[in-house]
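I opened a fresh page for this chain and wanted to know how its parts sit together. Below are my notes, in the order in which I looked things up.

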Amino acid sequence: MFALVDCNNFYASCEKLFRPDLEGKPVVVLSNNDGCIVARSAEVKSFDLPMAVPFFKHKDFLLSRGATFFSSNYPLYADISSRVFEVLSRFSPDIEQYSIDEAFIELTGVAENRLADWAEELAVTVKQWVGIEVSVGIARTKTLAKVANRQAKRHKQRVALLLEVRDIEQELAAIELTDIWGISRRLKDKLSRYGIWSPLDLLQADLFMLRKKLGITVERTARELNNEVCIELEEVQKRKNIRVSRSFGVATSEYSELEQALTTFAAQACEKLRRQQLLANGVYVFIRSNKHAVSDFFSASAAAGLVQPSDSSFDIIAEVQRLLARIYKPQYLYQKVGVMLLDLVGRSHEQQQDIFGMTLELSVKRELMSTIDKINLEMGRGAVRFASQGLQPRGWKLRAEYLSPKYTTCWEDIPRVRCV
C-alpha cells in the first residue's frame with residue numbers, strides 16, 4: 001500500500017504562510033527573471049489561467065483581479081519543504097522524496113480499515129505544525145496513488161483512497177491519459193495508434209502487445225493500474241548529474257562577469273554534491289546568447305573529466321574556468337550560462353587513485369571544504385566564498401522585482417512581532 005502526499009499549490013502556499021492578509025486572495029509565483037508564471041494559488045486557477053505563460057502578457061489581467069506577485073524564493077521553499085518532510089518522517093520511516101513538494105510513503109503496518117484516519121491525521125498535523133495544506137492519495141501501487149491524489153485535489157478533499165476495482169475503473173474513465181504518471185503527450189499519440197485513448201483503455205490493454213509495441217515501461221504502467229506493484233519505493237534517489245544554471249537579468253559580453261557567474265554556480269553545485277555525499281567524475285560548462293535573436297545566436301559548451309572523482313570546489317572551479325576560457329567569444333552578448341557536474345558516484349565508491357595524487361593534500365582539501373560549509377550554514381550562504389565569485393553579483397544577477405523575505409533562513413528577514 002502506498003500514499004502520495006502532495007503539498008497544495010506549494011510555492012504560492014509558502015508565500016501566503018507569512019502573509020495572512022493574502023488568505024483567500026489570488027497569488028502567483030514567477031520563474032527566474034520574473035519571466036513566466038510557475039505557481040498559482042487556488043484563486044488564480046479559478047481564472048483558468050494556464051501554467052508557464054509569459055507574465056507580461058497577463059500582468060494587467062491579474063492586477064484587475066487583485067492578484068499579488070512573487071519572484072521565486074527558493075531558500076524559503078526549500079526550508080518549508082524540509083519542515084514538511086520532517087513531519088512526514090514521524091508517520092513512517094519508509095519515505096521517498098519525489099520532488100520538493102511530493103513524497104511517496106509505503107504504508108507497512110497500517111491496517112486497511114485505518115488508512116483514511118491515518119491520512120487525515122497526517123494532513124491535519126502538517127497543517128498545524130507547518131501551515132501547509134496537503135492532499136493524500138492512497139492505493140496499492142504508486143501509479144494509482146498518483147491518480148488518487150489527483151482525485152483528492154479535484155474534489156477538494158484531504159484524502160482519497162483507490163482500492164476497489166470498481167472505484168479505480170470509474171476514476172480512470174474520468175481523467176485523461178496524460179493525467180497518468182509517466183504518460184507524456186508524445187506517448188499519448190503513440191498509444192492512440194493502438195486504440196488506447198483513455199486510462200481505462202490502458203488498464204484493459206493486452207500486456208504482451210504493450211511490451212512488444214511500446215516497451216516495458218508502458219507495460220509496467222498498465223500493470224500498476226491493475227493493482228500489480230511494479231515500481232518499488234526508492235528511499236534514496238540516485239542522481240547522475242547536478243546542474244546549476246541561470247538566465248541573466250541583463251545580457252553581458254564581459255568575460256569577468258561570466259567567470260564570476262560560473263564560479264558561483266560551480267560553488268553551489270559543489271555544496272549540493274557534498275550534502276549528498278557524492279563525488280563528480282566530470283564537469284560540463286555551457287554559455288549561450290539570447291535564443292530569440294536568431295540572426296546572432298551563439299551557443300557553446302565544453303566538458304572535461306577529472307583526474308579522480310572529487311567534491312572539492314577548488315578542483316571543480318579551476319576546471320570550470322579552464323572550460324570557459326576555451327569556449328568564450330567576446331563578440332556575443334550572453335543571456336544564459338550553466339555548470340553541470342557529471343557521472344556522480346557515492347563517496348564510498350571504489351576509486352582509481354591518481355598515481356601522482358597526494359593523500360595528505362586531498363585530506364586537507366576535504367577538511368577545508370567541510371569547514372567552509374559549516375561556516376556558510378551557520379552564517380548564511382556566501383559568508384565564505386572564492387575570490388573569483390566576487391563580492392556582489394553584477395550584470396548577471398537575476399531580475400527579481402517581487403522577491404519576498406527569506407523568513408526562515410535569514411536572520412535579517414525573521415518576522416518581528418510588536419507587542420502593543
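**Entry 1: an aspartate in a loop**

I began with Asp 34, which counts as buried because its relative accessibility is 9%, under the 20% cut-off. I should say at once that this is a predicted model. Asp 34 sits in the loop between E2 and strand E3 (37-40).

What does the side chain of Asp 34 make a polar contact with? I found the side chain of Ser 71, at 2.7 Å. I also noted that a polar atom of the Asp 34 side chain lies 2.9 Å from the backbone nitrogen of Glu 401.

Next I listed the contacts of Asp 34, leaving aside neighbours within four places in sequence. They are Phe 55, Ser 71, Arg 399, Ala 400, Glu 401 and Tyr 402.

The backbone of Asp 34 caught my eye too: phi is near 55°, a positive value in a residue other than glycine. Most residues other than glycine have a negative phi.

**Entry 2: another positive phi**

I then looked at Asp 48, which is placed in the loop between helix H2 (42-45) and H3. Phi of Asp 48 is near 60°, again positive in a residue other than glycine. Is Asp 48 buried or exposed? Asp 48 counts as exposed, because its relative accessibility is 69%.

**Entry 3: the whole chain**

I stepped back to count, and the protein chain has 14 helices and 13 strands. Its radius of gyration is 24 Å, close to the 22 Å from the globule rule for 420 residues, so the chain is as compact as a globular protein of that length. Along the principal axes, the C-alpha atoms fill a box of roughly 65 × 65 × 50 Å.

I wrote down that 43% of the 420 residues count as buried. The accessible surface comes to about 22,900 Å², and carbon and sulfur atoms hold 51% of it. Among contacts with a separation of 6 or more, 68% are between residues 24 or more positions apart.

**Entry 4: the nonpolar cores**

Which residues touch the most other members of the largest nonpolar core? I noted Leu 88, Ile 105, Trp 118, Leu 122 and Val 136, out of 37 residues in that core. Several elements each supply at least two residues of this core, including strand E1 (2-7), helix H1 (10-17), helix H5 (115-129) and strand E7 (134-139). H4 gives the largest share, seven residues.

I followed Ile 105 outward, skipping its neighbours within four places in sequence. Its contacts include Met 1, Phe 2, Val 5, Leu 88, Trp 118 and Leu 122.

There is also a second, separate core, with 36 residues, and Phe 248, Leu 324, Tyr 328 and Val 339 are among them.

**Entry 5: aromatic rings**

I searched the whole structure for aromatic pairs and got 19. The rings of Phe 55 and Tyr 402 have centres 5.9 Å apart and planes at 80°, so I logged the pair as edge-to-face. Phe 55 lies in helix H3 (residues 55-64) and Tyr 402 in the segment after helix H14 (359-379), so this pair ties together parts 347 residues apart in sequence. Phe 55 counts as buried, at 5% relative accessibility. Both rings had already appeared in my contact list for Asp 34.

Tyr 98 and Trp 181 are edge-to-face too, because their ring centres are 5.6 Å apart and their planes are at 85°. Where are the two partners in the chain? Tyr 98 is in strand E5 (residues 95-99) and Trp 181 is in the loop between helix H7 (165-172) and helix H8 (185-192), 83 residues apart. Tyr 98 counts as partly exposed, at 30% relative accessibility.

I also marked one aromatic cluster, formed by Tyr 255, Phe 298, Tyr 328, Tyr 332 and Tyr 334. Tyr 328 belongs to the second core as well.

**Entry 6: helix H11 and a glycine**

For helix H11 (residues 216-225), I listed the buried residues: Val 218, Glu 219, Thr 221, Ala 222, Glu 224 and Leu 225. Their cover includes helix H6 (142-154), H7, H8, H9 and helix H10 (207-214). Asn 227 follows H11, and its phi is positive, near 70°.

My last stop was Gly 195, in the loop between H8 and helix H9 (199-204). Gly 195 counts as partly exposed, at 40% relative accessibility. From Gly 195 to Ala 67 I noted 44 Å, C-alpha to C-alpha, with their positions 128 residues apart in sequence.

Conventions
Residues numbered from 1 in each chain as written. Heavy atoms only, no water. Core = buried A, V, L, I, M, F, W, Y, C linked by side-chain atoms within 4.5 Å. Buried < 20%, exposed > 50% of the residue type's maximum accessible area, 1.4 Å probe, protein only. Helix = DSSP H or I, 4+ residues; strand = E, 2+ residues; numbered from the N terminus. Contact = heavy atoms within 4.5 Å. Polar contact = N/O pair within 3.5 Å; in protein donor to acceptor, adjacent residues only side chain to side chain. Rg over C-alpha atoms; globule rule 2.2 N^0.38 Å. Areas by Shrake-Rupley, 256 points an atom, 1.4 Å probe, with all protein chains shown as cover. Phe/Tyr/Trp six-rings, centres within 6.5 Å; stacked < 30°, edge-to-face > 60°.
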